[in-house]
Amino acid sequence: MRILGIDPALHITGYGLIDQDINKIKLIEAGFIKTSPKDFLGQRLNRIHIALTKLINDNLPKAIVLEKLYAHVKHPTTAFILGHARGVICLTADISGIPVIELGATRVKKAITGFGNASKLQVKRAIQYFLDLKDADWPEDVSDALALAVTYANIQKHNIKFS
């Protein structure tokens with residue numbers, strides 16, 4: 001099964017595409033979509049949409065995995081800004097006929113590192129280990145996206161039910 005994990009953001013949206021078969025998970029592609037804060041909101045969202053549409057059309061994932069939206073009391077505006085990018089991603093997935101699965105950040109961190117409050121660096125190191133990557137010189141957003149994809153792949157492999 002081909003799975004696309006996406007760590008949505010307005011400035012840098014990380015993505016990680018993996019193939020899962022019975023015995024292993026293989027990295028297909030990982031990277032990020034970057035937008036400029038100098039551009040209008042609509043332009044930034046359109047850039048995410050165009051890049052994601054190309055990624056989907058080129059790779060044909062069977063599922064897209066996003067982190068569940070979390071709003072911190074001290075930073076409510078962050079959730080609204082993140083919501084714009086998530087909305088575009090969900091719309092692009094729906095237009096492409098691909099289901100969107102949401103997983104909580106704590107669940108993903110626990111599945112990847114064994115600790116629900118793991119740091120971004122710990123997640124990155126665990127992903128490097130899982131995918132046998134010697135040098136992963138990319139933003140943490142990419143590791144987070146790969147962690148989403150790998151977690152979902154393991155959920156599918158073990159037929160785990162989740163809400």
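Which handedness, left-handed or right-handed, does the crossing of H1 and H2 have? In this predicted model, the crossing of helix H1 with helix H2 is right-handed, and the sections below take up this helix pair, two further pairs that involve H4, H3 and H5, and then a number of individual residues.

## Packing of H1 against H2

Helix H1, which spans residues 41-59, packs on helix H2, residues 76-96, at an angle of about 35°, and their axes are 9 Å apart. On the H1 side the contact is made by Leu-41, Leu-45, Ile-48, His-49, Leu-52, Thr-53 and Ile-56, while H2 contributes His-84, Ala-85, Val-88, Ile-89, Thr-92 and Ser-96. Sorted by class, the residues of this contact comprise eight nonpolar and five polar ones, with no charged residue among them.

## Packing of H4 against H5

Helix H4 (residues 120-130) and helix H5 (residues 140-157) have axes that come within 9 Å and cross at roughly 60°, an angle that makes H4 oblique to H5. The handedness of this crossing is left-handed.

From H4, the residues Lys-120, Leu-121, Val-123, Lys-124 and Ile-127 meet a set in H5 that consists of Glu-140, Ser-143, Asp-144, Leu-146, Ala-147 and Val-150. In the contact of H4 with H5 there are six nonpolar residues, one polar residue and four charged residues.

## Packing of H3 against H5

Helix H5 also packs with helix H3 (residues 105-113), and here the axes come within 9 Å and cross at roughly 75°. Because angles of 65 to 115 degrees count as roughly perpendicular, H3 and H5 are described as roughly perpendicular to each other. The participants are Arg-107, Val-108, Ala-111 and Ile-112 from H3, together with Ala-147, Leu-148, Val-150, Thr-151 and Ile-155 from H5. This contact of H3 with H5 divides into seven nonpolar residues, one polar and one charged.

Ala-147 and Val-150 of H5 are listed in the contact with H4 and also in the contact with H3.

## Two buried residues: Leu-148 and Gln-20

Leu-148 is placed in helix H5, and, with a relative accessibility of 1%, Leu-148 counts as buried. Beyond the neighbours within four places in sequence, Leu-148 is in contact with Gly-5, Ile-6, Val-65, Leu-66, Glu-67, Leu-103 and Val-108; of these, Val-108 is also named among the H3 residues that make the contact with H5. The C-alpha atom of Leu-148 is separated by 14 Å from that of Lys-62, a residue 86 positions away along the chain.

Gln-20 belongs to strand E2, which covers residues 12-20. Its relative accessibility is 12%, and since buried means under 20%, Gln-20 counts as buried. A polar atom of the Gln-20 side chain lies 2.8 Å from the backbone oxygen of Ala-153. Ala-153 also appears among the contacts of Gln-20 outside the neighbours within four places in sequence, where the other partners are Met-1, Ile-3, Ile-25, Gln-156 and Lys-157.

## Loop residues

Most residues other than glycine have a negative phi. Against that background, Leu-60 has a positive phi of about 50° although it is not a glycine. Leu-60 sits in the loop between H1 and strand E4 (63-67) and is exposed, its relative accessible area being 57%. A positive phi is likewise found at Asp-132, a residue other than glycine, with a value near 55°. Asp-132 is in the loop between H4 and H5, and with a relative accessible area of 59% Asp-132 is exposed.

The loop between H4 and H5 also holds Ala-136, but Ala-136 is buried, with a relative accessible area of 5%. Leaving aside neighbours within four places in sequence, Ala-136 is in contact with Lys-124 and Gln-128, and Lys-124 is one of the H4 residues that meet H5. The C-alpha atoms of Ala-136 and Ala-30 are separated by 9.9 Å, with these positions 106 residues apart along the chain. In the loop between H3 and H4 lies Asn-117, which is exposed at a relative accessible area of 60%; its C-alpha atom is 8.8 Å from that of Ala-105, 12 residues apart along the chain.

Methods:
Residues are numbered from 1 along each chain as its sequence is written. This is a predicted model: local features need pLDDT of at least 70, side-chain atom pairs count only at pLDDT 80 or more; totals for chains, interfaces and linings use all residues. Side-chain values use heavy atoms; hydrogens and water are left out. Helices (H or I, at least four residues) and strands (E, at least two) are DSSP runs, numbered from the N terminus. Buried means under 20% relative accessible area, exposed over 50%, partly exposed in between (1.4 Å probe, protein chains only). A polar contact is a pair of N or O atoms within 3.5 Å; within protein, one must be able to donate a hydrogen and the other to accept it, and residues adjacent in sequence count only if both atoms are side-chain atoms. Contact means heavy atoms within 4.5 Å. Axes are lines fitted to C-alpha atoms, for helices over the stretch in contact, and angles run from 0 to 180 degrees between N-to-C directions. Angles under 35 degrees count as roughly parallel, over 145 as roughly antiparallel, 65 to 115 as roughly perpendicular and the rest as oblique. A crossing is left-handed if the near helix is turned anticlockwise from the far one by less than a right angle, and right-handed if clockwise. Ala, Val, Leu, Ile, Met, Phe, Trp, Tyr, Cys and Pro count as nonpolar, Asp, Glu, Lys and Arg as charged, and the others, Gly among them, as polar.
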